[in-house]
Amino acid sequence: MDETHDQRAMRASDADREQVADVLRQAASDGRLSLSELEERIEALYAAKTYADFEPVIRDLPGHLPLPPSAAIARRVDSAPVPSPSTSPSARVGGVASTRSAKVVFSGIQRRGDWVVPQHYRIKAVFGGADLDLREATLEAAEVEIHVKAVFGGVNIVVPPDIRVQVDGEGVFGAFNDDTAKGGRPDPGAPLVRVTGKAVFGGVNVERKALGH
């Protein structure tokens with residue numbers, strides 16, 4: 001049997017459904033879907049059992065379908081750059097993320113300890129807060145993006161000394177604060193975490209700390 005067909009027939013997780021739901025909500029926010037269309041597609045999405053079942057609800061929209069774990073591993077291995085003799089692979093890179101998005105409304109979440117940061121991670125905080133500690137985490141790829149939308153909410157991100165950071169968020173009566181320069185300068189070839197998104201009457205703070213501080 002064709003390998004691609006096998007992967008599409010794999011069972012999807014709740015985290016995968018939430019990732020697709022975020023794409024649908026964004027499409028409605030952009031005016032691509034009416035509220036009735038959004039409701040119909042969300043209903044079909046949560047009834048989906050396999051990755052193939054996701055395709056009809058997002059086929060005509062921009063966005064990325066979640067990959068089955070086996071496909072994600074294959075893509076990461078195939079696309080990984082071959083290190084030069086002077087550059088050793090980083091122990092920070094490896095693993096497959098268990099979730100690719102998080103949403104907090106009038107609540108809060110924390111991610112810390114041993115976890116895998118997905119290549120594309122979406123955080124939405126509405127009247128809520130999120131604390132992401134990457135000091136003991138591994139990255140799904142050598143470059144990951146954390147896309148934050150903070151609306152009357154706050155997100156705090158702590159990175160270790162051996163990870164590069166690029167902060168490109170936009171503040172609307174809010175701010176993205178890059179405080180990583182105080183924690184030292186990682187090697188030019190170190191893994192990169194890009195922090196993007198928008199803070200509306202909210203704030204996003206990125207700081208660098210060694211473990212134990």
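Glu43 is exposed, with 60% relative accessible area. This is a predicted model. Glu43 sits in helix H3, which spans residues 35-47. Together with Glu37, Glu39 and Glu40, Glu43 forms a negative surface patch.

Leu35 belongs to helix H3 too. Leu35 is exposed, at 71% relative accessible area. The C-alpha atoms of Leu35 and Arg25 are 9.4 Å apart, and the two residues are separated by 10 positions along the chain.

**The nonpolar core**

In soluble globular proteins, nonpolar side chains tend to be buried together. Here the largest nonpolar core holds 27 residues. Which of them touch the most other members? They are Ile123, Leu134, Ile146, Ile157 and Val204. Seven stretches supply at least two core residues each: strands E1 (101-105), E4 (120-126), E5 (129-133), E7 (143-151), E8 (154-159), E12 (192-200) and E13 (203-208). Strand E7 gives the largest share, four residues.

**Salt bridges**

Side chains of opposite charge can pair when their charged atoms come close. The model has 10 salt bridges, counted with a side-chain nitrogen of Lys or Arg within 4 Å of a carboxyl oxygen of Asp or Glu. Three of the pairs are set out below.

| Pair | N to O separation | Relative accessible area |
|---|---|---|
| Glu18 and Arg25 | 4.0 Å | Glu18 30%, Arg25 29% |
| Asp168 and Arg194 | 3.7 Å | Asp168 39%, Arg194 22% |
| Glu207 and Lys209 | 4.0 Å | Glu207 16%, Lys209 32% |

Glu207 is buried, because its 16% is under the 20% limit. Its partner Lys209 is partly exposed at 32%. Salt bridges that share partners also join Glu18, Asp22 and Arg25 into one network. Within that network, Glu18 is partly exposed, and Arg25 is partly exposed as well.

Where do Asp168 and Arg194 lie? Arg194 is in strand E12, while Asp168 is in the loop between strand E9 (164-167) and strand E10 (170-172). The salt bridge therefore ties together parts that are 26 residues apart in sequence. Both ends are partly exposed: Arg194 has 22% relative accessibility, and Asp168 has 39%.

**Phenylalanines in loops**

Most residues other than glycine have a negative phi, and most peptide bonds are trans. Phe106 has a positive phi, near 55°. Phe106 lies in the loop between strand E1 and strand E2 (108-111). Phe106 counts as exposed, because its relative accessibility of 64% is over 50%.

Phe173 also has a positive phi, of about 55°. Its place is the loop between strand E10 and strand E11 (175-179). Is Phe173 buried or exposed? Phe173 is exposed, with a relative accessible area of 70%.

Phe127 is in the loop between strands E4 and E5. Phe127 is partly exposed, at 42% relative accessibility.

What do these three phenylalanines help to make? Phe106, Phe127 and Phe173 belong to a nonpolar surface patch of about 700 Å². Its other members are Val105, Phe152 and Phe201. Why can Phe127 be a patch member while only partly exposed? Patch members need over 30% relative accessible area, so the 42% of Phe127 is enough.

**Strand E11**

Asp178 is placed in strand E11. Asp178 counts as partly exposed, with 39% relative accessibility. The C-alpha atoms of Asp178 and Val165 are separated by 8.7 Å, and the two residues are 13 apart along the chain.

**In brief**

The negative patch includes Glu43 of helix H3. The largest nonpolar core draws its largest share from strand E7. The salt bridge of Arg194 and Asp168 links strand E12 to the loop between strands E9 and E10. The nonpolar surface patch includes Phe106 and Phe173.

How values were computed
Residues numbered from 1 in each chain as written. Predicted model: local features only at pLDDT ≥ 70, side-chain atom pairs only at ≥ 80, totals over all residues. Heavy atoms only, no water. Patch = residues over 30% accessible without salt bridge, like charges linked within 9 Å, V, L, I, M, F, W, Y side chains within 5 Å. Areas by Shrake-Rupley, 256 points an atom, 1.4 Å probe, with all protein chains shown as cover. Lys, Arg positive; Asp, Glu negative; His and termini not counted. Charge placed at Lys NZ, Arg CZ, Asp CG, Glu CD. Buried < 20%, exposed > 50% of the residue type's maximum accessible area, 1.4 Å probe, protein only. Core = buried A, V, L, I, M, F, W, Y, C linked by side-chain atoms within 4.5 Å.
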